Amino acid sequence: MSTIAVGNMTLPFYSANTVIVGAGAAAMNCALQLLKFRLQAGEKRPQDRLIVVTGGVKLGASRMSGSDKQTYYKMGTSPRISDTAEDFAKTLTAFGCCHGDNALIEGICSLRGFYNLVDVGVPFPHEPYGAFIGYKTDHDPYERATSAGPKTSKFMSECLQAQAKRLGLRVIDRQMVAKFITSGEGSGKRIVAMLCVDRSQTQKPNMGMSVFAARNWVLAAGGPGEIYRTTVYPRGQYGIHGAALEAGLEACNLTESQYGLASTKFRWNVSGTYMQVIPRIFSTNARGGDEREFLTEYFDDMPTMALNIFLKGYQWPFDAQRITNAQSSLVDMAVHQETVVRGRKVWMDFLRNPVGKVGWEEFNLQRLPNEALEYLQKTGAMQPLPIDRLAHMNKPAIEIYAENRIDLYKEPLEIAVCAQHHNGGFSVDKWWRSSISNTFVIGEMAGTHGVKRPGGSALNAGQVGALRAAEYISNMLFDEIPASPADLGDSVAKSVEQLQKLCAANSTAGTPKQALAEIADRMTRFGAHIRWRSGAEEALSQAKRQYFDINSAGLRVSSPRELPTAILAAQQCLTQVAMLKSIVGMLDRGAGSRGSHCILEESGAEMHPALIDPTDKKPYRFKPENVDLRNTILCTRFNPAAADLFELSDVSPRPIPNRQIAFEPAWTEFREKAIFRD
Ligand SMILES: Cc1cc2nc3c(=O)[nH]c(=O)nc-3n(C[C@H](O)[C@H](O)[C@H](O)COP(=O)(O)OP(=O)(O)OC[C@H]3O[C@@H](n4cnc5c(N)ncnc54)[C@H](O)[C@@H]3O)c2cc1C
């Protein structure tokens, strides 16, 4: 580490060939693979030329999030059921807006990624003959899903990190990304440095700022979870979308996110066995009184209601195509109605079976429709109460709540429809290269998922993208030398000045916390699972106004301690503009309800007579999917001169490659590194 002088401040200056931003499962695998590739290439100390920089090693979705048995989706490993990468790619691309080459690669490389995890110590279960046992998610015939328990992704990150540490990996923690510094324009544009702030050092004369210079960047900072108020992303998971957009990276599919039922006091998905044990789901008023069996308004009888609670287990994400005709996402809409529209609270009660209404038969396991009954019989989960069925099927699912001071044996669990995963992100090619040379995007930041994705495929995509980026950098880019403090002095000074301006606010500006709360409220109201044109347009214009206000007047900051929050607010503000602009752009293109969101429209189909839109007091009507748009990926690029700050463009999904090549020419291509050329 050296230093760089900026005015009368001295900032630590770190330099590396490659900087990986983030320390989740994707980042850690990329670091490990890059070190391994370089060691295999004969380099003695590759660890001296690689740094992992993160806002928090223990933060992020991989380390802090999960579900009843967090799913890892890979090609099938059953000894009896054959699977191919091409079939895998067809599943990933089935609902559109997904590049076929990325999907095929996610299939081809999935087992390499999976067995790497097994080798570093992630405890995926196998049977006595060595087969890694899978299960079906949503009727997938290949049993591609597996799990190492509720904390699969935590184990992944920790095991990968431990292995990388053995190879000497340097991790620099508590560095929140403030800005990327770029040089050049057009195809010559590159990120040359990154300005970060250490939250714990803001009282120092340099306000905790540091500079990182590198030739190659791997961005692996996860999804923009805290952009929503109602979210199951872990606390503090902001991501770096704002900084990356500002640097000029092209984003894609920003409209596509996944929402679903999750507990809110301790943020955790209530998928899988939590639902398959069929707990009672009820609501109360805000103070916890006036209990109601609200789901009975939406279903005709007990077996149908119970089946749909059960189905939420493996039909977890809210799905616009599973609402009408009493399907499982009607449960999410009913919860939405109860919480958002009626201002009540919704709870899962594992101590009681579902309760019906007058005239309904009582809950009876034997009277469940076959799909649920057969599953419960097969798993031996026929105990009288949901908590006993859960204890029988999945004790760790109870323990994870106990670890977080929620005793499912004693208390109900508050839930809501929460933002959970971003299927969109930044555009990448088949080596996970972004639209800016030498910058790669992996993990949840990469927009490789289309409209819908199978449960568990996010973790696989993160491992595969990490491997691909590492292989490319090791073979093609590891010789390049980063910029020095002398090269960067002026541009760093300019960035520091911009940050200082952000905080030099007059007393009429809002505080950073107020700005973040405003963004989160707006995104949950207008940019989440329920969207409509006038709402999205109004939200976009408010978001733009907020962006211009922050950029002209700054934010009211009373102490340097607030600098990191001010930076986050400015970044999240730009991200929300990008997301809302993309939503409006899709509506302009005639988009209907798809994936995990509904587009409300008067001429659309009625969802359910009891689901009342508070704006006009009539039943919600929603527009069906515009299937033609499965062939259009909407790309979003920052342009401060554009009317809405972003330019939109349409790209057709690249097809699933069908390349056939004999061994000898393939071998030559590989030896000559032709595989890395476009
Ligand atoms: C409740 C829940 C359940 C899930 N269940 C599943 C599942 O069963 N299967 C599945 O495949 N996927 C699941 N996912 C999604 C999956 O967990 C994530 O997509 C994945 O873990 C993301 O990994 P990542 O490495 O890309 O990013 P993360 O693990 O989110 O890591 C992000 C890293 O970037 C750092 N960072 C963030 N912001 C900044 C900043 N501003 N400055 C500097 N550093 C920053 C963080 O500190 C962290 O180190 C789930 C997600 C949630 C929330």
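Me: What makes residues of the shell around the ligand nonpolar, polar or charged, and how many are there of each?
Reply: The sorting goes by residue type: Ala counts as nonpolar, Glu as charged, and Gly as polar. In this predicted model, the shell divides into 14 nonpolar residues, 21 polar ones and one charged.

Me: What makes Ala23 one of the residues that surround the ligand?
Reply: A residue belongs there if one of its heavy atoms lies within 4 Å of the ligand. A polar backbone atom of Ala23 is 2.8 Å from an oxygen atom of the ligand, so Ala23 meets that cut-off. Altogether 36 residues surround the ligand, and Ala23 is among the closest.

Me: Why is the pair formed by Val177 and the ligand called a polar contact?
Reply: The cut-off for a pair of N or O atoms is 3.5 Å. A backbone N or O atom of Val177 lies 3.1 Å from a ligand nitrogen, so the pair qualifies. Strand E7 (175-183) is one of the elements that give two or more residues to the shell.

Me: Why is Asp290 called partly exposed?
Reply: Partly exposed covers the range between 20% and 50% relative accessible area. Asp290 has 46%, so the label fits. Asp290 sits in the loop between strand E13 (280-284) and helix H9 (302-311), and has a positive phi of about 55° although it is not a glycine.

Me: And what makes Ala326 buried, partly exposed or exposed?
Reply: Buried would need under 20%. Ala326 has a relative accessible area of 28%, so Ala326 is partly exposed. Its place is the loop between H9 and helix H10 (329-341).

Technical notes:
Residues numbered from 1 in each chain as written. Predicted model: local features only at pLDDT ≥ 70, side-chain atom pairs only at ≥ 80, totals over all residues. Heavy atoms only, no water. Polar contact = N/O pair within 3.5 Å; in protein donor to acceptor, adjacent residues only side chain to side chain. Helix = DSSP H or I, 4+ residues; strand = E, 2+ residues; numbered from the N terminus. Buried < 20%, exposed > 50% of the residue type's maximum accessible area, 1.4 Å probe, protein only.
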